[in-house]
Amino acid sequence: MGKANWKPGTVLYPVPAVMVSCGTMESPNVITVAWTGTINSDPAMTYVSIRPSRHSFDLIKESGEFVINLVTKDLAYACDYCGVKSGRDLNKFEEMKLTPKKGEQVDAPIIYESPVNIECKVKEIIPLGTHHMFLGEVVSVSVSDEYLDETGKFHFNKTEPICYSHGGYYTLGEQLGTFGYSVKKPVTTSQKTKAYPKKSSIECKKEEAKHSKKIQAKNSRKKQKHQ
Ligand SMILES: Cc1cc2nc3c(=O)[nH]c(=O)nc-3n(C[C@H](O)[C@H](O)[C@H](O)COP(=O)(O)O)c2cc1C
């Protein structure tokens, strides 16, 4: 088995596909962007890379503001539409029956139907080649309260977020673990049930049996050593 070597290109996938709203409440627009990401934690900073030919490019450059609206399964169709039609020709909010609402800290509209709206102010514009990178400082975040539980925790994955990979839109697959699970010590059945509520009790029992077998083997090895 070998490797095929390709010329440099954009092959980093999957990535988020987000709907970036911009303009004003009177003249709102949405552009779909896949070249986006988090670039700093504190202050929270993000970026969107946009071609100068896009209608949204001028809107964001002029206002110095944009809103990143996260995309769910229900919004996937609108997300694609906003990525193939230009706001120069039509009102994408109206066409896709999206609701513009004024941002908390920016004049640009948020997309009310999106469960997470990240309002940004442009800090820097970096021309890179085909795209200009708009570095944005996050100035406000709004989340839909239907995904908040009684403790105030936001259940992001319940929104059915989508990603974009090699030309296709996908929902997320099965969860493989949680942050740091590779170094976590074995946990008890009750803890496991809490961490992975979807696991059946049969699966938990199987894992518990496997774990206690390991412990028994370890203990008997210890015993033999001391004998
Ligand atoms: C999945 C997807 C991702 C896209 N990502 C980008 C991007 O990162 N940057 C960009 O300039 N255009 C991107 N586009 C293209 C723009 O969304 C598209 O040209 C859009 O019609 C521009 O709208 P506007 O003229 O109203 O600004 C993407 C399109 C799709 C479908």
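**Exercise 1. In this predicted model, determine which residues W35 is in contact with once its neighbours within four places in sequence are set aside, and place W35 in its surroundings.**

Solution. With those sequence neighbours left aside, the contacts of W35 are V48, S49 and H131. The next step is to locate the residue itself: W35 lies in the loop that connects β2 (28-33) with β3 (36-40). As a distance from another part of the chain, the C-alpha atom of W35 is 10.0 Å from that of T10, a residue 25 positions away along the chain.

**Exercise 2. Decide whether W35 is buried, partly exposed or exposed, and justify the choice.**

Solution. Begin with the count, which gives 18 other C-beta atoms within 10 Å of W35. A buried residue needs 20 or more such atoms, whereas an exposed one has 12 or fewer. W35 is therefore partly exposed, because its count of 18 falls between these two limits.

**Exercise 3. Describe how β3 and β4 are joined and paired.**

Solution. Strand β4 covers residues 45-50 and pairs with β3 in the antiparallel sense, over 4 bridges. One residue-level example is T36, whose bridge partner in β4 is V48. As for the connection, the two strands form a hairpin, with 4 residues between β3 and β4.

**Exercise 4. Work out the order of the strands in the open sheet, and state which strands are at its edges.**

Solution. The sheet contains 7 strands, arranged in the order β2-β1-β5-β8-β9-β4-β3, and their pairing is antiparallel. The edge strands are β2 and β3, each of which pairs on one side only. From one strand to the next, the twist averages 35 degrees. Within this order, β1 is joined by 3 bridges to the antiparallel strand β5 (residues 65-69), and M19 has N69 as its bridge partner in β5. Helix α1 (residues 55-63) packs on the sheet, where it touches β1, β2, β4, β5, β8 (116-127) and β9 (132-143), and its direction makes about 60 degrees with that of β1.

**Exercise 5. Identify the residues that touch the most other members of the largest nonpolar core, and follow one of them, V20, through its contacts.**

Solution. This core has 34 residues, of which V18, M19, V20, V30, F66, V67 and V71 touch the most other members. Strand β1 (residues 18-23) gives the most to the core, with 4 residues. Turning to V20, and leaving aside its neighbours within four places in sequence, one finds contacts with V30, I31, V33, V48, S56, F66, V67 and I68. As a general background to such a core, nonpolar side chains tend to be buried together in soluble globular proteins.

Key:
Residues are numbered from 1 along each chain as its sequence is written. This is a predicted model: local features need pLDDT of at least 70, side-chain atom pairs count only at pLDDT 80 or more; totals for chains, interfaces and linings use all residues. Two residues are in contact if their C-beta atoms, placed from the backbone, lie within 7 Å. Two strands pair if DSSP finds at least two bridges between them. A nonpolar core is a set of buried Ala, Val, Leu, Ile, Met, Phe, Trp, Tyr and Cys residues joined through C-beta atoms within 7 Å. Axes are lines fitted to C-alpha atoms, for helices over the stretch in contact, and angles run from 0 to 180 degrees between N-to-C directions.
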